[in-house]
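Thank you all for coming; I would like to walk slowly through one structure this morning, taking its strands, its helices and its chain contact in turn. Please keep the picture in view while I talk.

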Amino acid sequence: MLDLRLIRADALKLGRRYGMLVISLLLTTGIALLVFTVTAIQHASDPLKNGAAGGLHNYQNAIGFLGVMVFIVAAIVGSTAGAQDIESGVFRDLAATGRSRVALFGSRIGGALVIVVPITLLVAAVAAVGSVVLAGSLPTPGAGDFASGTFALLASGALGCVAAVGLAALVGARGPVIAMLLAFELAISPLLSSVGFLGGIRQAIPGNALDRIAAAPHPSIPMALGTAIVVLLAWAAAAFAAGAWRTKTHEI
Amino acid sequence: MTSTAPIGEDHLAIHTQGLGKRFGPRVALESIDLEVPRGTAFGFIGPNGAGKTTLIRLLLGLAEPTSGSMRLLGRDQPKHRADTLARVGAIIEEPRFHGHLTGRENLVVHAAAREPAARERIPASLERVGLTARADDKVKTYSLGMRQRLGIARCLLGDPELLILDEPMNGLDPAGILELRGLIRSLVDEGRTVMLSSHLLDEVEKTCDAAAIVDDGRIVAQGSIAELRGGGSMARAIDIDCDRHVRAASLLTAIRGVGSATDNADLLRVTLTPEAPVDREIVTELLRSLLNDGIAVGRVVPVTHSLEERFLTMTTRLEDRS
């Protein structure tokens with residue numbers, strides 16, 4: 001089912017959307033650079049009042065924030081990957097080649113990951129370098145911190161891609177999917193996490209699972225690392241199954 | 001581009017039996033028995049909403065039939081869909097592309113869904129439709145005619161044995177239509193089968209060897225173009241250039257098989273009834289009658305009908321629908 005030619009084709013379609021790439025870089029690497037720069041300037045101007053921009057604690061906070069930004073970028077890229085064939089009308093011609101529709105669907109996820117993973121690695125590198133170079137007298141993150149932080153960003157990007165591609169296949173348009181995922185990530189997920197009587201059910205919220213993977217300093221919902229990984233895999237599997245089912249059964 | 005070996009023994013490229021499609025209570029296609037011989041250009045004509053595109057969607061596995069069976073290139077569908085469709089190229093309604101990619105990149109994207117050799121056919125396909133010079137321009141800058149040509153180039157990537165073209169002449173200028181007609185005939189000459197869905201009856205008549213006329217979800221006639229022109233419910237007629245029209249009409253209407261004889265410009269149009277013998281016999285009888293009465297006859301011309309005239313008598317007319 002993993003067809004590299006199809007994945008390359010999907011990556012080509014996404015890679016030629018220069019505007020989307022620029023926005024994706026600005027939302028991730030651009031914001032990371034901006035935050036480190038501003039904080040460093042503040043620290044330089046008044047070191048007693050403003051702490052150093054780097055260090056372990058700031059790194060962990062940055063990973064939490066950048067995880068949200070990577071998820072947003074993954075939602076934009078993934079929904080574009082998932083809907084562009086449908087919106088342009090090209091999917092009908094691709095399906096008429098006899099190629100498995102599930103393979104066509106799966107390649108969209110691959111194509112989105114080809115774009116999102118390098119962006120994620122770049123922003124992870126910026127965060128890592130910033131947290132060390134700008135640490136001042138603060139303790140710097142270790143290799144384990146970098147590994148968990150990078151893994152958390154990659155997990156956030158991958159989950160965003162799969163969810164967006166799956167939803168886009170269901171909906172058939174990218175705009176509503178971006179709106180849905182932004183609403184879930186920025187409003188619904190924090191809201192549900194704050195509802196105490198939901199108890200352990202809140203472990204199923206992907207944002208909480210991502211916090212656990214990132215080893216966030218103050219996670220809202222404590223959970224085991226294994227549980228967090230299972231939660232993310234379950235969400236990804238559900239999105240994949242829904243999108244693949246719709247792609248396979250949709251009469252075009 | 002090389003011609004291809006048939007993958008099935010069936011002499012029909014498309015064969016449907018009792019094929020039907022319903023959308024809820026609405027019947028889109030009913031009992032379609034279609035036979036498209038291999039190695040021909042086959043026209044598929046009908047009014048808007050007659051079911052042409054629905055049938056094409058069923059053939060290409062884009063929708064599921066609710067009844068009947070179909071074989072493509074000698075293979076049962078949908079059982080052998082993947083193998084069969086790999087040898088089919090299609091334009092469904094208007095050709096769609098990613099506007100932000102170039103023509104060549106769009107073909108690369110499509111070739112990825114086909115066999116690896118498809119990518120190597122891109123230059124030849126572009127050359128064949130005359131798009132090489134614009135291949136690296138973004139498709140959003142293309143005219144509709146250029147998109148149609150790019151759509152045909154895309155069809156050729158799979159070295160298809162069967163091409164299904166839905167209204168491929170839309171947006172083409174007269175020169176483009178002429179070029180496309182030549183391209184279709186050259187594809188047929190290579191042994192490929194081309195099914196051409198079109199509302200341009202004149203083009204189907206000029207391009208195709210055979211055709212089917214579909215109306216209201218049913219096939220109302222199919223056969224060679226000559227058969228379709230000659231058959232149907234339209235009366236046969238013969239125009240006669242003679243003098244003394246009144247006397248001639250009186251003589252001719254007395255002959256068995258003649259329905260009427262009326263003035264038609266400078267000619268006398270003799271309309272035949274279904275019982276009339278074949279043209280050669282009836283013409284002999286008409287001439288004998290006129291010459292025996294001393295009426296001079298300049299020429300005798302059988303009236304032929306265009307496919308368009310046949311089409312209009314066989315299909316639901318616009319005024320009938322309203």
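Let me begin with strand 7 (residues 162-166) and strand 8 (residues 193-197) of chain B, which run parallel and are joined by five bridges; helices (H or I, at least four residues) and strands (E, at least two) are DSSP runs, numbered from the N terminus, and two strands pair if DSSP finds at least two bridges between them. Within this pair, B:Leu162 has B:Thr193 of strand 8 as its bridge partner.

Before going on, I should say that this is a predicted model, in which local features need pLDDT of at least 70 and side-chain atom pairs count only at pLDDT 80 or more, while totals for chains, interfaces and linings use all residues. Residues are numbered from 1 along each chain as its sequence is written, and chains are lettered from A and ligands numbered from 1 in the order in which they are written.

Strands 7 and 8 belong to an open sheet of six strands in chain B, with the order 6-7-8-3-9-10 and mixed pairing. Its edge strands, which each pair on one side only, are strand 6 (88-91) and strand 10 (218-224).

Which strands does helix 7 (residues 174-189) of chain B lie across? They are strand 3 (41-45), strand 7 and strand 8 of chain B, and the helix runs at about 145° to strand 8, where axes are lines fitted to C-alpha atoms, for helices over the stretch in contact, and angles run from 0 to 180 degrees between N-to-C directions. Two residues are in contact if their C-beta atoms, placed from the backbone, lie within 7 Å.

Now to strand 13 (residues 267-272) of chain B, where B:Leu268, B:Val270 and B:Leu272 point to one face and are buried, while B:Leu267, B:Arg269 and B:Thr271 point to the other and are not; buried means that 20 or more other C-beta atoms, placed from the backbone, lie within 10 Å of a residue's own. In a regular strand the side chains alternate between the two faces of the sheet. Strand 13 pairs in the antiparallel sense with strand 12 (residues 258-264) over six bridges, and B:Thr262 has B:Arg269 as its bridge partner. Strand 11 (residues 237-242) of chain B is also antiparallel to strand 13, with four bridges, and here B:Ile238 is partnered with B:Val270.

Finally, 25 residues of chain B are in contact with 23 residues of chain A, and helix 3 of chain B gives the most to the side of chain B that touches chain A, with five residues.

Methods
Buried ≥ 20, exposed ≤ 12 C-beta atoms within 10 Å, placed from the backbone.
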